[in-house]
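The following paragraphs lead through a single protein chain, from its aromatic contacts to its nonpolar interior. Please keep the sequence and the coordinates in view while reading.

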Amino acid sequence: MRWGQRRMYSELAGVTVILTREAEDNAPLAARLRDWSADVIELPCVRVEPLGDTGPLRDALAALGEDDWLVVTSRHGADAVMRCGQIRAAIAATGGATAERLREHGLRVAFQPSEPSGAALARELPPRPGVVLLARSDRALPDLPAGVRERGLALREVVAYRTIAEAQGDVARVRELLSSQGPVSVMFHSPSAVEGMLGAVEPLLLARASIHVLGRSTLRAVRDALGVEVDVSLMEEEGARVAHR
């Protein structure tokens with residue numbers, strides 16, 4: 001464990017920590033937080049919906065050949081491409097959870113970056129003669145395509161599934177915790193999760209918590225919504241199981 005991660009966990013000992021991803025994405029992080037005596041509450045603030053019309057995704061995948069890359073950035077993306085027929089392109093996965101899901105579907109993963117992030121994948125993706133197709137959420141972050149374009153690689157993008165910003169679960173309990181005098185921390189891994197939380201909890205209430213975020217886009221989303229004085233800090237990647245949206 002890196003020093004920065006160890007420090008974060010030690011600071012959260014005895015604190016109520018609200019996690020805003022789906023339970024499957026949270027599992028390793030939740031277990032580690034509990035090992036450090038944090039009280040973990042899960043309130044997923046994004047949900048995923050399959051496409052109503054998979055035609056564009058099917059067509060984009062069918063057009064790929066052996067000289068192309070298919071980049072998949074989440075478990076949901078892996079599920080979506082699996083349902084669309086045979087894939088001839090080499091497959092790159094952003095992180096371990098995505099790669100594991102692809103392999104469960106019988107797909108071979110040809111590349112993973114040294115860190116499970118879109119920026120790292122964009123920097124490290126080996127060039128191929130063909131195109132790079134990104135199959136991901138309709139709300140995906142811009143760092144990955146921007147990095148691919150900066151390298152001069154031919155890029156195409158296609159929506160593989162839709163991400164809905166919406167809090168699901170015991171919102172009343174979370175509001176009660178944020179209103180209490182006890183220490184509460186909230187972790188966000190995407191701007192969509194910030195939006196989902198703010199659809200259920202007013203900004204002044206959320207601003208009472210200490211907030212940990214993954215990525216500068218999420219940091220900007222928190223500061224834009226809550227102001228620059230809010231207690232917010234960047235956290236390091238939580239290993240290979242971080243979902244990238």
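A residue is called buried under 20% relative accessible area, exposed over 50%, and partly exposed in between, with a 1.4 Å probe and protein chains only. By that scale Trp36 is partly exposed, since its relative accessible area is 24%. The model is predicted, so local features require pLDDT of at least 70 and side-chain atom pairs pLDDT 80 or more, while totals for chains, interfaces and linings use all residues. Residues are numbered from 1 along each chain as its sequence is written, and side-chain values use heavy atoms, with hydrogens and water left out.

Trp36 also introduces the aromatic pairs. Rings of Phe, Tyr and Trp (its six-membered ring) pair if their centres lie within 6.5 Å; planes under 30 degrees apart count as stacked, over 60 as edge-to-face and the rest as tilted. This rule yields two aromatic pairs. One of them joins Tyr9 and Trp36, which is stacked because the ring centres are 6.3 Å apart and the planes stand at 20 degrees. Helices (H or I, at least four residues) and strands (E, at least two) are DSSP runs, numbered from the N terminus. In these terms the pair links distant parts of the chain, 27 residues apart: Tyr9 belongs to helix H1 (residues 3-11), and Trp36 to the loop between helix H2 (23-35) and strand E2 (39-42). Tyr9 is buried, at 0% relative accessibility. Another ring, that of Trp69, has a charged partner: Arg128 lies over its face, at 5.3 Å from the ring centre. The criterion for such a charge is that NZ of Lys or CZ of Arg is within 6 Å of the ring centre and within 35 degrees of the ring normal.

Helix H2 precedes the loop that holds Trp36. The expected span of a helix is 1.5 Å times one less than its number of residues. The 13 residues of H2 should therefore span 18 Å, and the 17 Å between its end C-alpha atoms agrees with this. H2 nevertheless bends by about 35 degrees at Leu29, where the bend is the angle between axes fitted to the seven residues ending at a position and the seven starting there. Which residues of H2 are buried? They are Asp25, Asn26, Leu29, Ala30 and Leu33. As general background, an α-helix has 3.6 residues a turn, so residues three or four places apart point the same way.

Beyond the end of H2, the backbone takes a further turn of interest at Ser37. Ser37 lies in the loop between H2 and E2 and is exposed, with a relative accessible area of 52%. Its phi is positive, about 70 degrees, although Ser37 is not a glycine. Most residues other than glycine have a negative phi.

The nonpolar interior comes next. A nonpolar core is a set of buried Ala, Val, Leu, Ile, Met, Phe, Trp, Tyr and Cys residues joined through side-chain atoms within 4.5 Å. The largest such core has 28 residues, and those with the most contacts inside it are Ile18, Leu178, Phe188, Met197, Ile211 and Val222. Two or more residues each come from helix H8 (171-179), strand E8 (184-188), helix H9 (191-198), helix H10 (203-206), strand E9 (210-213) and helix H11 (216-226). A second, separate core of 25 residues includes Leu61, Ala78, Ile87 and Val131.

Within the largest core, Met197 deserves attention. Contact means heavy atoms within 4.5 Å. Not counting residues up to four places away in sequence, Met197 touches Ile18, Thr20, Leu43, Cys45, Val186, Phe188 and Leu206. Met197 is one of the buried residues of H9, together with Ser192, Ala193, Val194 and Gly196. These buried residues pack against strand E1 (16-19), E3, strand E7 (155-165), E8, H10 and H11.

The loops around H9 and H10 complete the picture. Ser190, in the loop between E8 and H9, is buried at 6% relative accessible area; leaving aside neighbours within four places in sequence, Ser190 is in contact with Val46 and Thr218. Val201 lies in the loop between H9 and H10 and is buried at 1%. With the same neighbours set aside, Val201 is in contact with Arg175, Leu178 and Leu206. Ala209, in the loop between H10 and E9, is buried at 2%, and its contacts beyond four places in sequence are Leu178, Val184, Val186 and Asp231.
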